Amino acid sequence: MAFLSCEEMLAAARSQKITLAEAVLRSDLEESRLTEAHSRAAMRHLWQVMQATSQEYDPAQRSRSGLSGGDAAKVEQAWQQGRLLGDDYLAAVTAEALKTAECNACMKRIVAAPTAGSCGVLPAVLLPLARAGQADEDTVCDALYVAAGFGQVIAARATLAGAEGGCQAEVGAASAMAAAALCNLKGGTPEQCAAAAAMALGNLLGLVCDPVAGLVEVPCIKRNVVGAVNAVSCANMALAGVDYAIPCDEVIDAMGRVGSLLSPDLRETGQGGLAATPTGVKIARQLAQEG
């Protein structure tokens, strides 16, 4: 995909009188030289892996550090017992975000969307809709193309790496991608998709990357839930006609600048933020001794 701005992506859809998903697909085909059949097959495969990651989740499995595993099952149990706030969709989004992120920590197969550390956000908002019969495979794949389009622009204009831009570049970008995907899935216009992405990324601007003991577990896994729920909220606002004062491209540019201003201690080094708390330091020392 060769789009360098969200506005360019939206303009392509408008000028060619095609959907946003189609605009992203055509750009991808032009750059990759793949056939449409091959591109769509690859996207369906990614969706199948997302589904399999959820289906194969093992609540008894723990990460090597022992810091993560089993939390998604706790959420599902509490949901079944009627102890959670919100509706069934919100509970499912929470559980699915945890499932995929926990699978990543346990070294199982996931889809980096856009990164391994933010892998739970996008599948979390889509899986419950598919299971409820509210989105078939083609609809989901179109949503994934839209997500990919916004992700590519973020990568081109700023960064997707926590080591470069903090967690705002990982979970923040994933949340923007998921918000745009949801908006598209629910029939939103390209402009509404861009507004949803802008809101989602703007809400997480400045989010630091501070993994305890340098592992993509604490606080990373729970931040996937935040990114997913943020995406749902922003998609809902955009679908309702709520606009964002700052254009999506400018939000992305701001994220890149904020990332460059973050202390190196707050960019995946495990030296600042939660990693530098007394408990965070204690955990790191314990794991170093066990290793």
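**Note on a predicted all-helix model**

1. Helix H11 is followed by Gly241, a residue whose phi is positive, near 100°. Please keep in mind, when looking at this residue and at everything below, that the model is predicted.

2. The helix that comes before this glycine can be checked by its length. Helix H11 covers residues 220-239, which makes 20 residues, and at 1.5 Å a residue these should span 28 Å; the C-alpha atoms at its two ends lie 29 Å apart, which agrees with the expectation. As background for reading any such element, an α-helix has 3.6 residues a turn, so residues three or four places apart point the same way.

3. Turning to the whole protein, its secondary structure comes to 13 helices and 0 strands, and from the N terminus on the elements run α-α-α-α-α-α-α-α-α-α-α-α-α. The radius of gyration is 18 Å, close to the 19 Å that the globule rule gives for 291 residues, so the protein is as compact as a globular protein of that length. Taken along the principal axes, the box filled by the C-alpha atoms is roughly 60 × 45 × 35 Å.

4. On the interior, buried residues make up 53% of the 291 residues. When contacts between residues at least 6 apart in sequence are considered, 74% of them join residues at least 24 apart.

5. On the surface, the protein exposes about 12900 Å², of which carbon and sulfur atoms supply 54%. As for charge, the protein has 22 positive and 31 negative charges, and the mean positions of these two groups are 5 Å apart.

How values were computed
Residues numbered from 1 in each chain as written. Predicted model: local features only at pLDDT ≥ 70, side-chain atom pairs only at ≥ 80, totals over all residues. Heavy atoms only, no water. Helix = DSSP H or I, 4+ residues; strand = E, 2+ residues; numbered from the N terminus. Rg over C-alpha atoms; globule rule 2.2 N^0.38 Å. Buried < 20%, exposed > 50% of the residue type's maximum accessible area, 1.4 Å probe, protein only. Contact = heavy atoms within 4.5 Å. Areas by Shrake-Rupley, 256 points an atom, 1.4 Å probe, with all protein chains shown as cover. Lys, Arg positive; Asp, Glu negative; His and termini not counted. Charge placed at Lys NZ, Arg CZ, Asp CG, Glu CD. Expected span 1.5 Å × (residues − 1).
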